[in-house]
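Here is my note on the structure you sent, set out as numbered points that you can follow with the view open beside you. Please take the points in order, since the later ones return to places named in the earlier ones.

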Amino acid sequence: MIDLYYWPTPNGWKVSIMLEECGIDYQTIAVDIGGGDQFKPEFLRICPNNRMPAIIDHAPVGGGKPLALFESGAIVEYLADKAGRFLAAPGSAERYRVLQWVYWQMANLGPMMGNANHFKNYAKNLTSDPAQLEYGIKRFVGEVDRLCGVMDAELGAHRYLAGDEYSIADIMSWPWACLLERLIDPSVNSNFRHLKRWVDEVGARPAVQKGRNLYKEWAERPLTEEQEKTRRALLFNQTNDKVRAAREAAAKAAR
Ligand SMILES: N[C@@H](CCC(=O)N[C@@H](CS)C(=O)NCC(=O)O)C(=O)O
């Protein structure tokens, strides 16, 4: 049994989709990131980076004590090896063809889309300086546009991101790519026809739909303007000194 520490966001969906695709037994533990669950000592012991997703595998590969993991890329790669699905075994070139796209997603598509989304959809509530918004949008939406071109070219050449087989490269990238229309004007987006074909095809898989919809109601409950404001203040105001107190409490609780 795997404990999945989760909130319904693209990084969370990568792991819920992978668990569904592999048919691995799991139970979901809510990490309400707007409510501050990521700073709780019990969560920081699993993920010192105060970000979900994270997992605990109570029957880890190779046996031994329960294994706690954070970072969606590391988790999905681990689950692929555990299940023997969607990633070739170590030593084969095929594995590294897939992993290069996994790391590409972790370092490029996810962070750039996260930042573009921040400037397009959140920052207007956090700054009244239009120049700041404009620069952030130009920089990050521009990068997202470039990255879409990279994917589109690849998906024009083969069915899936890393070749002709569905792999964890698709599982990692789809949760972000399915949100593209929130960032890029649909008329521009229509240039990316291969990407759109892949988003639709992967999105039609039952396991993808199940993982994508896991507890989606948590993120859809109605909040007052005041509650939204408190949640934004918590999410977008994190510096080392603010996080240190929570980390120290977690270390103390572990002793
Ligand atoms: N690189 C990390 C990113 C995880 C991440 O940024 N998670 C966000 C939600 S999508 C989070 O937990 N945010 C909480 C916060 O900002 O305090 C991964 O892929 O696991």
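**Notes on the ligand site and its surroundings**

1. A polar side-chain atom of glutamine 238 is placed 2.7 Å from an oxygen atom of the ligand, and please keep in mind throughout that this is a predicted model. Glutamate 71 also takes part, since an N or O atom in its side chain lies 2.8 Å from a nitrogen atom of the ligand. Methionine 52 makes its approach through the backbone, where a polar atom is 2.8 Å from an oxygen atom of the ligand. Of the 520 Å² of accessible area that the ligand has on its own, the protein covers 82%.

2. Looking at the wider shell, you will find 14 residues around the ligand, and those that come nearest are Gln38, Met52, Glu71, Ser72 and Gln238. Sorted by class, this shell holds 5 nonpolar, 6 polar and 3 charged residues.

3. Where does the ligand sit with respect to the pockets? The space that the ligand takes is the largest pocket, and the volume of that pocket is about 1,700 Å³. Its lining is made up of 49 residues, and Thr9, Pro10, Ile33, Asn117 and Tyr122 are the ones that lie nearest the centre.

4. Which elements give two or more residues to the lining of the largest pocket? They are helix H1 (10-22), helix H4 (93-122), helix H10 (216-220) and helix H11 (225-235), and the largest share, 11 residues, comes from H4. By class, the lining of this pocket has 22 nonpolar, 16 polar and 11 charged residues.

5. Methionine 52 deserves a second look, as the peptide bond that runs from methionine 52 to proline 53 is cis, with omega near 10°. Proline 53 belongs to the loop between helix H2 (41-44) and strand S3 (54-57). Asparagine 50 is also placed in the loop between H2 and S3, and asparagine 50 has a positive phi of about 40° although it is not a glycine. As background for both points, most residues other than glycine have a negative phi, and most peptide bonds are trans.

Notes:
Residues numbered from 1 in each chain as written. Predicted model: local features only at pLDDT ≥ 70, side-chain atom pairs only at ≥ 80, totals over all residues. Heavy atoms only, no water. Near = heavy atom within 4 Å. Polar contact = N/O pair within 3.5 Å; in protein donor to acceptor, adjacent residues only side chain to side chain. Areas by Shrake-Rupley, 256 points an atom, 1.4 Å probe, with all protein chains shown as cover. 1 Å grid on protein atoms, 1.4 Å probe; cavity = no way out; pocket = protein on both sides within 12 Å on 5 of 7 lines; lining within 4 Å. Sits in = over half its atoms within 2 Å of the grid points. Nonpolar A, V, L, I, M, F, W, Y, C, P; charged D, E, K, R; others polar. Points joined across faces, edges and corners; volume = space filled by probe spheres on them. Helix = DSSP H or I, 4+ residues; strand = E, 2+ residues; numbered from the N terminus.
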